[in-house]
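Here are a few exercises to work through with the model open. Try each task before reading its solution.

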Amino acid sequence: MNNQLLIKKKLQAKLDKIQTKSDGSPVTNLQLHTNLAEEIEQLTTELESINPNLNPLINAISLLDGAWQLQYSTAREIRSLASLPLGLKLGKVYQVIDVTNKLFFNLAKVKHSLALVSGYVKVTANFEPAKENLEPLMNKRINVYFDKRYLSIEKIVGINTPQLNPFKVVSANNPTSRTATLDITYLDETLRIGRGGDGSLFILSKSNDLPDLTF
């Protein structure tokens, strides 16, 4: 087993170990002991250093396409979703990318702890490769422009509620003084690691179980 696969296996073992919730919701660093969060960061950094696709926006763009499930993150927005009010609990979180049209959406499934209500929050966006001095920036950074935020209730006490799917659509927030960016720091057929403009970490795995939701 080569070094890349060995480190990837160690990282995935850590992620599997901390994923104790059967609903598949992502784990954040605030939910872990500091030492364990540091171990995950160290393994992630090691794996990023031997990224098999150093220029993903040029030579591995097809690998980005499709649905990805978030496993772990240190991002503020994900940490806030982990502590929802009114008995609501975060479920699986996905990012679905349409490379051809340079679109993606983030989808967070939400349900009540007593199964009274279930739904999702979806945020749509478009992206483009970031450029500096007219050259692609390391061929791994994208600029992100958020578009709409959809709030949806899919079921109430087990009954489908299409009239509430969605029940609210608003403009999504973008940073006021900068362009949101994401660096794709590791990419292969099954695993993707990204770093936000604020240094936040996202670890995602390729998924095949996402419902058919349009952009």
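**Exercise 1: two hairpins**

Find the residue with a positive phi in the hairpin of E3 and E4, then follow the pairing onward into E5.

Solution. Keep in mind that this is a predicted model. Start at the turn: 4 residues lie between E3 and E4, and Lys102 takes a positive phi near 55° there. Next, look at the pairing: E3 and E4 run antiparallel and are joined by 9 bridges. Lys89 has Lys111 in E4 as its bridge partner. Now step across from Lys111, whose partner in E5 is Ser118. E4 and E5 are also antiparallel, with 9 bridges. Their hairpin has 4 residues between the strands, and Ala115 takes the positive phi, near 60°.

**Exercise 2: helix H2**

Check the length of H2 (residues 34–48) and work out how its buried residues are arranged.

Solution. First, the length: at 1.5 Å a residue, the 15 residues should span 21 Å, and the end C-alpha atoms are 21 Å apart, so the two agree. Second, list the buried residues: Ala37, Ile40, Leu43, Thr44, Leu47 and Glu48. Third, look down the axis: these residues fall within an arc of 140°, so they line one face of H2. Finally, see what covers them: helix H1 (3–18), E2, E11, E12 and E13 are among the elements that do.

**Exercise 3: the cores**

Which residues have the most contacts inside the largest nonpolar core?

Solution. This core has 24 residues, and the answer is Leu187 and Phe202. Strand E11 (180–187) is one of the elements supplying at least two residues, and its 4 residues are the largest share. Then turn to the second, separate core: its 16 residues include Leu32, Ala37, Leu201 and Ile203.

Notes
Residues are numbered from 1 along each chain as its sequence is written. This is a predicted model: local features need pLDDT of at least 70, side-chain atom pairs count only at pLDDT 80 or more; totals for chains, interfaces and linings use all residues. Side-chain values use heavy atoms; hydrogens and water are left out. A nonpolar core is a set of buried Ala, Val, Leu, Ile, Met, Phe, Trp, Tyr and Cys residues joined through side-chain atoms within 4.5 Å. Buried means under 20% relative accessible area, exposed over 50%, partly exposed in between (1.4 Å probe, protein chains only). The expected span of a helix is 1.5 Å times one less than its number of residues. The arc is that of the directions from the helix axis to the C-beta atoms. Contact means heavy atoms within 4.5 Å. Two strands pair if DSSP finds at least two bridges between them.
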